[in-house]
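Trainee: I'm new to this one and would like some help reading it. Could we go through it feature by feature?

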Amino acid sequence: MSSSDAALPSGAALQDEIDSLNAQITKQGAHVRTLKKESSSNADEIAAAVEELKRLKLHAETLRKHQEASDPSKTFNRKVFDELILRKMFIVPSFEIHGGVKGLFDLGPPACALKAAIVDVWRKHFVLAESMLEMECTCLTPEVVLKTSGHVDRFTDLMVKDPVSGECFRADKLLEDVIDELLEANPGMPTEERERHLRIQIQADAFSPAELDEQLAQYGCKAPSGEPYGPSFPFNLMFKTSIGPEGTAVGYLRPETAQGLFVNFRRLLDANSQKMPFAAAQIGLGFRNEIAPRSGLLRVREFCMAEIEHFVNPDDKSHPNFSSVVDKELVLFGRDDQLGSGKTKTITAGEAVATGLVNNETLAYFMARTQLFMERIGMDPSRLRFRQHLTTEMAHYACDCWDLEIQSSYGWVECVGHADRACYDLDVHGKATKTPMVATLKLDEPREVEIAKLKLDRKALGQAFKGDQRVVARVLDALAENWVDFEPVATALESDGKTTVDGFEITKNMLTWTKETKKVHEIKFTPSVIEPSFGMGRILYSLLEHCFYQRDADEQRCVMKFKPAVAPQKCAVLPISSSDEMNAVVSVYLAFIVSSSVILTELHSFHILG
């Protein structure tokens, strides 16, 4: 042991220091992201913040290595594990004899059975137990749907090609790297010039293709072949294709399953007899053309997802079954703890909602149900936690987000996302298609509301909007149901004589209105969506790690210890000899077991020996 190792803490003190460091890393990372977003930030200040972040990460990695060295039980033998997974044909590289393709894997017989069992338990645990409406939507999605959802714009990076080899590179990263090299090679560079380079580096991912090409040329950035890179072009992480033989209709392989459920909301609501709240679910494939797939099944280009969209009144996010999980304990890593102590809290779902740590009952309900599902399939509860998204991570429309993270040899890995997405998804699809994505709340007692009573000039609307006349009329009628919504339109028409509503220019001569009070027996609203999203590939891989162990007496003897509910084989009938008579007896018993669907539920575990 070196003198530096001797000075390091051990045991609980070491874990406390690692937790504290992780909190500092999270806080510093958020600080760096904030500085980069603010145009007023000083370049030296940003550089210093980034250096501090690197220092903290390096120190944390040193402590983790010391912890593993001092406690062998925390060391996972990934080499032996990978050999077992490959040898027993759980997971194999796709198209292996042709050299394989990064990010693509095939599931062998045991993993195929394991995945089918996990999906079966998931369907029973969520879809059947919760009376959810299950759908199976197409993987091929028209561009307009993903343009509306934001995926077409959000999944794009600028790329450049080596004109000789054709190899692709991410353009903004090339610019950042060449500036890093320039600054490193010139430590005595004047501060003003250094700040100019850092400002360009900070804006690298915001440049247009033409601006990025100009910057790469100015910095003399060359491809590995020695030639200048080709022009920048947008690279979308979705797999693009054409629909139909003409090639004019653009489509994508879906990056998530959720959009199919959102666009079918009205039909799903009808199927549920207009009753709210309700949930829809889907199990299927998603596709993302990852630039650098890595970490086995944790980052791949084709993956199985299981997603739930729970539609609920935004003013009432209680859950009718919350009492069944109110006392379930969860390990929560809230944003304040991430930025403060670096330690998790173990509290009940009821406490989490009562204290405001989790935004609402429905979100906490699904978190607790996810915990129960993980325990049911055999995950180690001590290696599960829910981490809350920091404010800098959350989408602008989200109310609250918690990821179920599973600890594996790759660290804490996000495997299930739980997001309160508010009304965003239904709103954007409704506005893009001029389709009302609304539900109805029947009131126990009539309520008085202020409305706008409209008188539309159908002739003026028809002349102005022709085929869209009915669409415009529906939009105005919807706004008129609540004076608060219609008042900005009325004010603009009175002051300017015109206004724009959902992309249509409305002029004062098209309608008249009066403000009135009306008794209503029902209220229409756009539902909020609570979305648990399960990455089945990541769950499968994590379960394989959690079920793997080596025998103390012989480390070469590896075991996969599965729970009966998900075990690839539930039981085995093995002959004690190879005689024809014995084989005949075995065949009879095997046929009986298969035909009777006999499962030996009294077994406490199932083992596959290595």
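Trainee: Let me start with a single residue. In which helix is Asp177 found?

Mentor: Before we begin, keep in mind that this is a predicted model. Asp177 belongs to helix α8, which covers residues 171-185.

Trainee: Is Asp177 buried, partly exposed or exposed?

Mentor: The trick is to look at relative accessible area: under 20% is buried, over 50% is exposed, and in between is partly exposed. Asp177 has 42% relative accessibility, so it counts as partly exposed.

Trainee: Which residues gather with Asp177 in a patch of negative charge?

Mentor: Asp177 joins Asp180, Glu181 and Glu184 in that patch, and it sits on the surface.

Trainee: Okay, on to pairs of charges. Why would two side chains pair up at all?

Mentor: Opposite charges on side chains can pair when the charged atoms come close. In this structure there are 20 salt bridges.

Trainee: Which residue does Arg170 meet in a salt bridge?

Mentor: Arg170 meets Asp172, with 3.0 Å from N to O. Now try the accessibility reading on both partners. Arg170 is partly exposed because its relative accessibility is 28%, while Asp172, at 6%, is buried.

Trainee: And where in the chain are Glu405 and Arg385?

Mentor: Glu405 is in strand β15 (residues 400-408) and Arg385 is in strand β14 (residues 384-388). The two are 20 residues apart, and the pair links distant parts of the chain. Their side chains form a salt bridge at 2.8 Å, N to O.

Trainee: Are Glu405 and Arg385 buried or exposed?

Mentor: Glu405 has 7% relative accessibility, so it counts as buried. Arg385 has 14%, so it counts as buried too.

Trainee: What about Glu522 and Lys442, which parts do they tie together?

Mentor: Glu522 lies in strand β20 (residues 511-525) and Lys442 in strand β17 (residues 439-456), so their pairing ties together parts 80 residues apart in sequence. The salt bridge itself spans 2.8 Å, N to O. For Glu522 the relative accessible area is 33%, so this residue is partly exposed. Lys442 reaches 60%, so Lys442 is exposed.

Trainee: Which residues do shared partners join into one network?

Mentor: That network is made of Arg385, Arg387 and Glu405, joined by salt bridges that share partners.

Trainee: Now cysteines. How many disulfides does the count come to?

Mentor: You check whether two cysteine sulfur atoms lie within 2.5 Å of each other. By that rule the count is zero. Take Cys139: the nearest cysteine sulfur belongs to Cys137 and is 9.5 Å away, so by the 2.5 Å cut-off Cys139 is in no disulfide. Cys139 is also partly exposed, with a relative accessible area of 26%.

Trainee: How far from Cys399 is the nearest cysteine sulfur?

Mentor: The sulfur of Cys423 is 8.0 Å away, and Cys399 is in no disulfide. Cys399 has a relative accessible area of 33%, so Cys399 is partly exposed.

Trainee: One last residue, then. Where is Thr62 placed?

Mentor: Thr62 is in helix α3, residues 43-70. With a relative accessible area of 39%, Thr62 is partly exposed. You can also compare sequence with space here: Thr62 and Ile18 are 44 residues apart along the chain, and their C-alpha atoms are separated by 9.8 Å.

How values were computed:
Residues numbered from 1 in each chain as written. Predicted model: local features only at pLDDT ≥ 70, side-chain atom pairs only at ≥ 80, totals over all residues. Heavy atoms only, no water. Patch = residues over 30% accessible without salt bridge, like charges linked within 9 Å, V, L, I, M, F, W, Y side chains within 5 Å. Areas by Shrake-Rupley, 256 points an atom, 1.4 Å probe, with all protein chains shown as cover. Salt bridge = Lys/Arg side-chain N within 4 Å of Asp/Glu carboxyl O. Lys, Arg positive; Asp, Glu negative; His and termini not counted. Charge placed at Lys NZ, Arg CZ, Asp CG, Glu CD. Helix = DSSP H or I, 4+ residues; strand = E, 2+ residues; numbered from the N terminus. Buried < 20%, exposed > 50% of the residue type's maximum accessible area, 1.4 Å probe, protein only.
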